[in-house]
Amino acid sequence: MPSADDDRAARDRLITTWVELVIRLGVLGLLLALSVVLIRPFITIAIWSIVLTVAVYPMYDWMAGRLGGRRRLAALLLTILNLLIVIGPATWLTLGLIDSLRELSEYLDLSALTLPPPPHAVKSWPIIGAPIYQFWDLASTNFQAALAKTAPLLKPVGGTLLELAESAGIGVIKFFVAIVIAGFLFSPAPSLVNAVTLFSRRLASGRGEKFVQLAGATIRAVSRGVIGVSALQAFLAGVGLVAAGIPGASLLTSAVLIFAIIQLGPSVVLFPIVIWSWITMDPTKAVLLSLYLIPVSLLDNVLRPLVMARGLDTPMLIILVGVLGGTVAYGITGLFLGPIVLAVIWELLVAWTKERESA
């Protein structure tokens with residue numbers, strides 16, 4: 001029979017063990033929290049670098065073979081090529097957006113804006129009729145005074161627009177940095193993939209390696225089929241709009257890119273332009289512009305199934321949620337990162353569910 005001293009000693013050892021465990025977990029949690037704080041500013045860049053490396057690696061492998069196995073030279077040339085491809089359109093879009101906003105502000109000259117007096121029937125509207133009538137009447141006689149009244153309400157909107165512009169600028173800089181970092185990841189990519197595969201095997205024995213391969217295939221398919229095809233359509237549309245002399249071509253090109261990424265299609269922007277060209281432009285010029293823009297707007301229907309036909313069928317809702325959620329969380333960078341990350345997670349969940357059902 002164990003004595004009371006033995007029971008007390010066993011209880012003390014158990015308490016000591018639990019105290020040590022709590023202390024170790026607390027220290028580990030503190031170190032992890034500090035690590036997250038330190039790497040949080042670089043998480044977006046790291047994700048971008050990984051996505052770019054995985055998406056462009058087949059091209060890098062092809063270039064290295066063409067250059068006689070000189071992998072460092074291939075990485076340098078591919079990095080320079082990626083920077084040139086991105087810097088040119090990004091600079092044109094940025095400068096064009098600035099010009100478009102300036103032209104819009106000049107066109108909307110508030111000092112020359114006049115409003116007709118409000119109809120007396122507005123007063124009879126329930127609840128809101130009287131204040132609307134008073135404000136409308138003030139705007140029709142003294143627009144500047146009416147604008148001064150709305151300035152406090154418009155101030156938050158202006159602040160939001162400035163934050164979006166700042167986020168876009170920071171996002172572009174992060175993307176440039178990610179391209180450079182991806183250049184350094186091309187050479188050690190095979191060893192990094194092996195390390196990730198070994199780690200995934202420890203997490204999910206027998207399925208981890210398959211999930212790693214699926215993640216890589218999804219990144220390539222979505223980055224090419226969604227981001228790549230959308231960027232190609234926006235580029236071709238921009239060339240046509242500039243050649244036709246369409247006002248605000250850069251602003252319209254940005255809209256084409258956004259609508260193409262969220263899977264609504266560039267037709268939302270390009271078809272009204274085609275209709276507008278038939279109303280305002282010379283018939284010959286309108287025919288040429290239509291023959292160019294209509295195939296461009298339908299290009300994704302041909303290219304996207306070819307690019308994404310390798311066993312991937314990500315629903316449009318997943319892409320749309322990824323775009324919206326990524327933009328809210330990470331600004332302009334999330335516009336591209338969101339659909340890729342969410343599509344990878346979706347494909348992994350689908351594969352895991354199918355394996356569970358077949359087991």
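**Helices and cores in a predicted model**

Reader: Are α8 and α9 roughly parallel or oblique to each other?
Author: This model is predicted. The axes of α8 and α9 come within 8 Å and cross at roughly 140 degrees. An angle over 145 would count as roughly antiparallel, and one from 65 to 115 as roughly perpendicular. This pair fits neither class, so α8 and α9 are oblique.

Reader: How many residues in the contact of α8 with α9 are nonpolar?
Author: From α8 come L252, A255, V256 and F259. From α9 come V268, V269, L270 and I273. The contact has no polar and no charged residues. Its nonpolar residues number eight.

Reader: Is α9 roughly parallel or roughly antiparallel to α10?
Author: Their axes come within 10 Å. They cross at roughly 170 degrees. Angles over 145 count as roughly antiparallel. Therefore α9 and α10 are roughly antiparallel.

Reader: How many polar residues are in the contact of α9 with α10?
Author: On the α9 side, S267, L270, F271, I273, V274, S277 and W278 take part. They meet A286, V287, L289, S290, L293, I294, V296 and S297 of α10. Eleven residues of this contact are nonpolar and no residue is charged. The polar ones number four.

Reader: How many helices does the protein chain have?
Author: Read along the sequence, the chain follows the pattern α-α-α-α-α-α-α-α-α-α-α-α-α. There are zero strands. The number of helices is 13.

Reader: Which helix gives the most to the largest nonpolar core?
Author: The core has 38 residues. At least two residues come from each of α2, α5, α7, α8, α9, α10, α12 and α13. Nine residues come from the helix that gives the most, α7.

Reader: Which residues touch the most other members of the largest nonpolar core?
Author: There are 38 residues to choose from. Take L289 as one example of those with the most partners. Beyond its neighbours within four places in sequence, L289 contacts G240, A244, I246, I273, S277 and M281. The full set with the most core partners is L52, I246, L270, I273, L289 and L293.

Reader: How many residues are in the other core?
Author: This core lies apart from the largest one. Its members include V56, Y60, M63 and A74. Its residue count is eleven.

Reader: Is S230 buried or exposed?
Author: S230 sits in helix α7. Leaving aside residues within four places in sequence, S230 contacts L257, A260, I261 and R304. Its relative accessibility is 0%, and under 20% counts as buried. So S230 is buried.

Reader: How far apart in space are the C-alpha atoms of I219 and I340?
Author: I219 also belongs to α7. I219 is buried because its relative accessible area is 11%, under the 20% cut-off. Not counting residues within four places in sequence, its contacts are V51, V54, A55, I340 and V344. I219 and I340 are 121 residues apart in sequence, yet their C-alpha distance is 6.1 Å.

Reader: Which residues does I47 touch, beyond those up to four places away in sequence?
Author: I47 lies in helix α2. Its relative accessible area of 29% is between 20% and 50%, so I47 is partly exposed. The C-alpha atoms of I47 and L337 are 8.0 Å apart, although 290 residues separate the two along the chain. The residues that I47 touches are L337 and V341.

Reader: What is the C-alpha distance between V177 and I45?
Author: V177 is part of helix α5. At 34% relative accessible area, V177 is partly exposed. V177 and I45 are 132 residues apart in sequence. In space, C-alpha to C-alpha, their distance is 7.1 Å.

Reader: What share of the contacts with a separation of 6 or more joins residues 24 or more positions apart?
Author: The pair I219 and I340 shows the idea, at 121 residues apart and in contact. Over the protein chain, among contacts with a separation of 6 or more, the share from residues 24 or more positions apart is 66%.

Reader: What percentage of the residues of the protein chain count as buried?
Author: S230, at 0%, is one buried residue. The protein chain has 359 residues. It exposes about 22,700 Å², with carbon and sulfur atoms supplying 73% of that area. The buried part of its residues comes to 31%.

Note on methods. Residues numbered from 1 in each chain as written. Predicted model: local features only at pLDDT ≥ 70, side-chain atom pairs only at ≥ 80, totals over all residues. Heavy atoms only, no water. Core = buried A, V, L, I, M, F, W, Y, C linked by side-chain atoms within 4.5 Å. Buried < 20%, exposed > 50% of the residue type's maximum accessible area, 1.4 Å probe, protein only. Helix = DSSP H or I, 4+ residues; strand = E, 2+ residues; numbered from the N terminus. Contact = heavy atoms within 4.5 Å. Axes fitted to C-alpha atoms, helices over the stretch in contact; angles between N-to-C directions. Parallel < 35°, antiparallel > 145°, perpendicular 65-115°, else oblique. Nonpolar A, V, L, I, M, F, W, Y, C, P; charged D, E, K, R; others polar. Areas by Shrake-Rupley, 256 points an atom, 1.4 Å probe, with all protein chains shown as cover.
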